[in-house]
Amino acid sequence: MTTIHFVRHAHSPWVPNREAERPLSERGHEQVERVADILSNESVDAVVSSPFARARQTVRPIADRNGVELEADDGFRERQLTDGPVESIGETFESAIERVWSDWSFAWPNGESNHDAKRRGVAAVERLRERHSGESIVVGTHGNLLTLILHEYDERFDVEFWRAELTMPDIYEVTFPAEDEEVEITRRYEDSTVE
């Protein structure tokens with residue numbers, strides 16, 4: 001049995017055109033300790049993260065507490081909507097998201113469709129399962145990509161889940177049992193202070 005704890009990054013201020021460098025906010029830095037505490041009873045064999053700063057900063061304390069190296073995997077970076085601000089294509093963030101979720105094959109200029117982003121994320125999951133079979137892994141990632149990955153195993157994880165249920169931060173434990181058994185998905189993060 002392989003277990004992956006997907007961690008959506010903690011709070012990060014929006015900084016236009018700085019997607020990869022955006023750090024955590026002061027509140028986000030406080031939240032990461034809560035994330036690490038929730039997973040403190042887990043035996044963690046590996047910690048892998050999106051290369052984006054806010055994801056790495058969120059799972060760094062887990063790697064440190066478990067004495068493991070924090071690895072980066074570009075497959076877990078956030079989905080790219082377009083190559084610049086969505087306003088440059090005449091959209092708002094909400095309308096741009098609505099379009100890609102209503103047509104899974106549609107992509108904005110130099111962006112990823114839902115199909116493409118999901119394929120990239122699931123391929124990263126499969127690489128982890130191969131390298132860390134039977135182990136417990138923590139993955140630092142992003143909301144939209146996390147939703148697409150979870151959708152691969154359970155279709156109730158959709159755009160409405162992303163909008164209404166997924167918090168920042170959040171933790172979803174996915175257990176991959178023997179081949180003939182279903183994947184189990186459990187939410188691990190509970191914090192009434194999350195907005």
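**Helix H3, His132 and the overall fold**

In this predicted model, helix H3 (residues 93–102) has Ala96, Ile97, Val100 and Trp101 as its buried residues, where buried means under 20% relative accessible area and exposed over 50%, with a 1.4 Å probe and protein chains only. Viewed down the axis of H3, these buried residues fall within an arc of 125°, so they line one face of the helix; the arc is that of the directions from the helix axis to the C-beta atoms. Helices (H or I, at least four residues) and strands (E, at least two) are DSSP runs numbered from the N terminus.

**Surroundings of H3**
- The buried residues of H3 pack against helices H4 (114–131), H5 (143–153) and H6 (159–164), with contact meaning heavy atoms within 4.5 Å.
- Glu94 and Ser102, on the other side of H3, are exposed.

**His132**
- His132 lies in the loop between H4 and strand E4 (136–141), and its 11% relative accessibility is why His132 counts as buried.
- Leaving aside neighbours within four places in sequence, His132 is in contact with Thr2, Ala46, Glu71 and Ile137.
- His132 and Thr2 are 130 residues apart in sequence, yet 7.5 Å apart in space, C-alpha to C-alpha.

**Whole chain**
- The protein chain has six helices and six strands, arranged along the sequence as β-α-β-α-β-α-α-β-α-α-β-β.
- Buried residues make up 50% of the 195 residues in the protein chain.

**Basis**
- Residues are numbered from 1 along each chain as its sequence is written, and side-chain values use heavy atoms, leaving out hydrogens and water.
- Local features need pLDDT of at least 70 and side-chain atom pairs count only at pLDDT 80 or more, whereas totals for chains, interfaces and linings use all residues.
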